[in-house]
Amino acid sequence: MTLAQLIRDEKTTVVERWLDMVLATYPPQTAKMWKVNSDPFGNPVGQTTLRALGELTDHLLAWEDAAAICASLEPLVKIRAVQDFSPSKALSFVFFFKKVVRSLFAKAIARERLDAELAELDSRVENLALLAMDIYVKAREDLYRMRLDEFKRTHRMLFRKTGIMCETTDVLLTGAEPAGNGAVGTE
Amino acid sequence: MNAFYGLFIVCALALAALVGVGGGGMTGLFAVAIPYAAVAIFVVGFALKVMCWAKSPVPFRIPTTGGQQKSLDWIPYARYDNPVNSRDTVVRMILEVLTFRSLFRNTTAVLGKTPDGKPQVGYFSEKWLWLAAILFHYSFLLIVIRHMRFFTEPVPLPIQWLDWADSILQIYSPTLYQTNLLFLAGLGWLLARRLLYPQIRYISNAADYFALFLIIGIALSGIYMRYVAKVDIVSIKQFTMSLVMFSPVVPKEIAPSFFVHLFLVCVLLAYFPFSKLMHLGGVFLSPTRNLPNDSRIHHHENPWNPKIKPHSYEAYEDDFREAMVEAGLPVVKQLEEEA
Amino acid sequence: MALKPEELLATIDYLNPPKTGWMETPNDFSPGRWPYPAKPDLHRAMGFKHAHEWKADEKDWHLPENWKQIISEGFKARLDKYRSFKVFMDVCVRCGACADKCHFYIGGGDPKNMPVLRAELMRSVYRADFTTAGKILGKLNGARVMEEDVLKEWFLYFYQCTECRRCSLFCPYGIDTAEITMMARELLHEVGLGINWIMEPVFNCNRTGNHLGIQPHAFKEIVEFMCDDIEEYTGVRINPPLNEPGHEVLFITPSGDAFADPGIYTFMGYLILFEAIGLDYTLSTYASEGGNFGLFTGADTMQKLNAKMYSEAKRLGAKWILGGECGHMWRVINQYMDTMNGYIQEGSNLTTPRNPITGTVFHNAKQTKMVHITEFTADLIKHGKLDLSPERNNHLRVTYHDSCNPARGMGLLEEPRYVIKNVCNNYFEMPPQTTREQTFCCGAGSGLNTEEIMEIRLRGGLPRGNALKYVQDKHDVNMMACICALDRATLIPVADFWAPGVQITGVHEMVANALNLKGQKKREVNLRGEELEEV
């Protein structure tokens with residue numbers, strides 16, 4: 001019996017325990033509601049979390065496709081990136097997996113001497129946390145970029161009116177001569 | 001904790017009635033003075049509250065529109081979810097009040113799988129709250145009507161029919177009323193969801209539990225009288241009729257459990273006008289439901305409309321005239337006139 | 001005392017969640033949780049005498065000394081003026097039907113964003129001040145005394161409500177949190193607490209006619225830029241009249257359409273449509289704002305700003321007013337405008353609107369004299385008056401976002417859909433509990449579209465983004481249409497974050513891309529200047 005097999009057999013329990021821990025980072029009344037409401041549109045946080053944790057459990061065992069792992073992490077990390085969490089708290093969910101495994105299989109690990117496999121799994125969890133950190137930082141960067149973009153969009157015509165925005169990229173792309181002034185309308 | 005407060009107060013009230021009538025010798029107070037006072041408080045309080053609401057005007061027509069508006073002739077519109085005349089608005093209100101239509105809207109979707117394994121969305125109505133509310137309110141209504149047999153002599157036929165229909169199953173002796181069961185089922189669910197759903201528990205305060213426990217107390221004491229204590233109904237009717245005739249007589253045969261029942265009902269009546277139970281009256285006055293969506297079609301008068309003037313065009317032109325003229329925008333007053 | 005590293009990280013104690021009741025939970029004024037306060041000069045200039053300098057994350061908000069009295073008297077006055085407010089304060093039974101209907105609660109999970117609790121923030125004070133039971137029973141009856149922390153809590157949570165009215169749809173008594181939020185915001189303004197993202201547009205709109213404070217000559221120039229672009233893309237020169245008396249129709253649209261990307265393409269769409277049908281219309285710089293941030297400030301401010309529409313129509317002698325794509329503008333027009341300002345119509349040329357091209361009389365606008373552009377365009381299409389080539393939009397796979405106000409404050413659901421389906425060939429609906437009257441907010445309505453609260457906006461936009469992602473995955477949707485200028489600004493980050501790759505458009509941008517103009521050259525690019533595939 002390997003640890004991976006144990007986890008695979010008990011996947012439902014593992015994911016549920018993991019989900020409980022992640023939801024416990026929210027106010028308790030919200031956590032319960034997000035756990036029971038199975039409407040993916042009425043309860044996007046609960047359902048996305050559940051789906052992501054299920055996929056991540058498989059990924060942690062298979063540990064093959066980095067792109068697929070990131071694809072599973074992304075929806076969940078993005079949600080936590082815009083909720084009221086400090087970065088550490090937002091990403092803490094990854095490490096909960098260690099706790100889940102120990103709480104469920106401590107005896108089996110001792111009995112079957114699975115420490116080596118456990119250490120291997122732990123290092124995967126740590127790698128997963130690093131991947132999650134990349135996604136988290138990217139999401140936060142996006143957020144700040146959006147603030148800037150929004151400002152630019154809002155004032156698009158004003159910039160054009162004052163002629164302070166030179167549409168350089170267009171010129172480079174088309175290879176056309178830069179026009180003398182901002183307006184290109186025909187006289 | 002809030003639930004405990006509610007339960008505690010109701011138990012204390014029941015005990016007060018037992019002690020008062022049993023050992024305290026205050027039968028007169030509990031049998032006569034309190035019922036009359038409670039009915040008076042209920043009637044006057046209810047009327048005053050409704051008048052208080054009605055006193056505030058409805059400055060704007062703000063219906064929450066629940067469907068397609070009436071616009072172009074060839075677009076079918078949601079007559080009862082987005083009414084434009086009084087008749088359809090009345091229908092909307094009837095649907096709201098009698099069938100709890102808004103509660104019925106609750107939907108939830110579940111992600112299922114098609115036979116070939118592709119995800120598919122299914123929709124299920126989240127109807128438990130609606131069902132419990134319907135059960136509770138209609139049973140309550142029927143029970144109240146049924147109780148009218150204690151206050152009328154001879155008992156009008158419709159009430160007799162109702163009594164017969166309600167016990168149509170003919171089980172147990174005295175025959176079991178179905179409404180009693182449905183009533184308790186509805187109440188039970190309404191209480192259970194307050195206790196079990198964390199988010200509902202979070203928003204519930206002591207008053208919410210108090211009302212529920214009070215009504216449960218009334219129901220249980222009534223059921224106890226009928227099926228367990230099997231109290232003397234003839235003397236109770238004698239007593240209730242005497243109350244109706246304004247010449248109260250309290251027969252000695254009446255069991256104390258009756259007074260618990262009566263006292264809790266009195267508390268409910270007296271508490272009613274000061275509590276959220278006034279939703280009974282309020283639902284009729286809710287401006288998001290009882291008005292047609294027609295203020296583009298007809299003028300609606302706001303009694304306190306302040307007629308605030310806008311920043312005038314003249315002031316605007318004064319502010320920017322030079323630039324407007326330069327840009328070739330038409331102006332009312334030319335530049336030289338200003339000077 | 002220094003915190004040990006493991007204490008800092010172990011901030012989550014999942015075995016012992018905090019057990020405080022909501023009344024005891026402290027306010028969190030971390031950055032990103034509150035919009036910036038209004039500049040006192042602007043606030044004061046709009047007639048609020050207690051406007052002052054303050055910051056939400058400082059302890060002292062420098063409230064006027066008698067603030068409790070101002071709030072209490074203002075509360076009383078509003079109970080007497082609005083039956084809605086009074087009834088809504090009394091009849092809630094806390095059944096919880098609304099609890100999971102608010103987009104901010106769904107996306108963030110803060111219990112005070114449940115509509116019932118948001119209203120309870122005010123109801124608790126109402127009970128203590130104005131009800132017998134509350135005065136006697138106090139907290140047992142859910143009552144609490146007004147304190148500075150309560151006021152701060154109001155500011156925090158009534159600026160996390162977008163007045164979208166989704167909760168009101170599900171409430172068995174029709175309790176409308178938007179109504180309660182409006183009252184709370186009015187009271188907050190009375191004691192000098194407002195936000196700049198609302199107050200500055202209000203001030204600008206009042207003086208210059210539009211939210212950005214663009215002066216008339218600059219407005220004209222910006223419209224000309226758009227006409228330049230239209231000429232470049234279609235070969236047809238349009239010269240829209242500005243401030244000209246004697247035209248049949250006055251056209252008013254939110255100024256966001258004139259200044260902001262991608263609203264400008266929708267504005268160009270309007271101009272092309274009017275040119276194609278030869279509509280006798282004028283624009284106005286004085287009334288160059290359809291939006292009305294007064295709705296988010298208070299009834300008086302809303303009335304003052306809105307009054308410009310009828311005043312300008314009267315001054316220019318227009319017969320009726322055509323309104324552009326905007327959400328809250330249409331809530332004001334449909335439910336407030338004639339009631340507040342209908343008296344200004346007296347002595348004007350305004351009459352029941354009649355479409356001059358099709359002859360259709362808009363009986364549904366008999367009193368306001370104002371028609372929604374999608375009602376107008378739907379009528380044109382139905383009568384076959386537009387020469388459309390919807391295949392020019394074939395690269396688009398479109399879904400439609402119902403804006404809250406036209407959906408739940410008007411019922412404008414089919415008209416835009418009819419228009420969209422006629423101008424593009426690939427149309428897909430999002431799941432039904434996220435559209436039409438059950439639509440989800442963009443997360444930033446009611447003046448909350450400011451960038452300092454981007455996190456709040458994005459989590460509020462999660463339910464919409466999530467539904468969008470669903471149709472993106474299922475149908476390859478790449479464009480979400482809407483009829484609201486705020487949406488055109490705020491849905492961009494929402495889509496960008498939750499469903500990257502989906503763009504946002506106004507309905508009339510797509511109309512114009514499909515619409516053929518007389519004398520046009522070969523249409524090789526769309527209004528964004530992007531090349532079209534050969535069709």
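Here are some worked exercises on a predicted model, with chain C in the lead role and chain B as its partner.

**Exercise 1. Work out whether the radius of gyration of chain C agrees with that of a compact globule.**

Solution.
- Step 1: start with the length, which is 535 residues for chain C.
- Step 2: a compact globule with 535 residues would have a radius of gyration near 24 Å.
- Step 3: chain C has 24 Å, so the value agrees.
- Step 4: now look at the box. Along the principal axes, the C-alpha atoms of chain C take up roughly 75 × 55 × 40 Å.
- Step 5: add what is inside. Chain C holds 23 helices and 7 strands, and 71% of its 535 residues count as buried.
- Step 6: check the contacts. Taking those in chain C with a separation of 6 or more, 76% come from residues 24 or more positions apart.

**Exercise 2. Describe how chain C meets chain B.**

Solution.
- Step 1: count the residues. On the chain C side 108 residues are in contact with 85 residues of chain B.
- Step 2: get the area. The two chains bury about 8,200 Å² between them, and 58% of that is on carbon and sulfur atoms.
- Step 3: pick out the chain C residues that lose the most area to chain B. They are C:Arg83, C:Arg94 and C:Thr339, together 10% of what that side buries.

**Exercise 3. Decide how enclosed helix H4 of chain C is, and find what covers its buried residues.**

Solution.
- Step 1: H4 runs over residues 83-91, and 9 of its 9 residues are buried, so the helix is largely enclosed by the rest of the structure.
- Step 2: the charged side chains are worth a look, since the buried residues of H4(C) include C:Arg83, C:Lys86 and C:Asp90. Phe85 and Phe88 of chain C, written C:Phe85 and C:Phe88, are on that list too.
- Step 3: find the cover. From chain C, it includes helix H3 (67-81), helix H6 (115-130) and helix H10 (177-190). From chain B, it includes helix H2 (27-55) and helix H12 (279-282).
- Step 4: link back to the interface. C:Arg83, one of the buried residues of H4(C), is also among the chain C residues that lose the most area to chain B.

**Exercise 4. Place C:Asp387 and say whether it is buried, partly exposed or exposed.**

Solution.
- Step 1: find the loop. C:Asp387 sits between helix H17 (373-382) and strand E5 (398-400) of chain C.
- Step 2: its relative accessible area is 48%. Exposed would need over 50%, so C:Asp387 is partly exposed.
- Step 3: list its contacts beyond four places in sequence, which are C:Ala514, C:Leu515 and C:Asn516.
- Step 4: compare sequence with space. C:Ala276 is 111 residues away from C:Asp387 in sequence, yet their C-alpha atoms are 8.7 Å apart.

**Exercise 5. Track down some unusual backbone angles.**

Solution.
- Step 1: recall the background. Most residues other than glycine have a negative phi, and most peptide bonds are trans.
- Step 2: go to the cis bonds. One joins C:Asp261 and C:Pro262, with omega about 5°, and C:Pro262 lies in the loop between helix H13 (256-259) and helix H14 (263-277). Another runs from B:Glu153 to B:Pro154, with omega near -5°.
- Step 3: turn to positive phi. C:Lys369 has about 65° and counts as buried at 10% relative accessibility.
- Step 4: C:Arg436 has a phi near 50°, but this residue counts as partly exposed at 26%.

Definitions and conventions
Residues are numbered from 1 along each chain as its sequence is written. Chains are lettered from A and ligands numbered from 1 in the order in which they are written. This is a predicted model: local features need pLDDT of at least 70, side-chain atom pairs count only at pLDDT 80 or more; totals for chains, interfaces and linings use all residues. Side-chain values use heavy atoms; hydrogens and water are left out. Helices (H or I, at least four residues) and strands (E, at least two) are DSSP runs, numbered from the N terminus. The radius of gyration is taken over C-alpha atoms; the globule rule is 2.2 Å times the number of residues to the power 0.38. Buried means under 20% relative accessible area, exposed over 50%, partly exposed in between (1.4 Å probe, protein chains only). Contact means heavy atoms within 4.5 Å. Buried area is the accessible area (1.4 Å probe) that two parts lose on being put together, summed over both.
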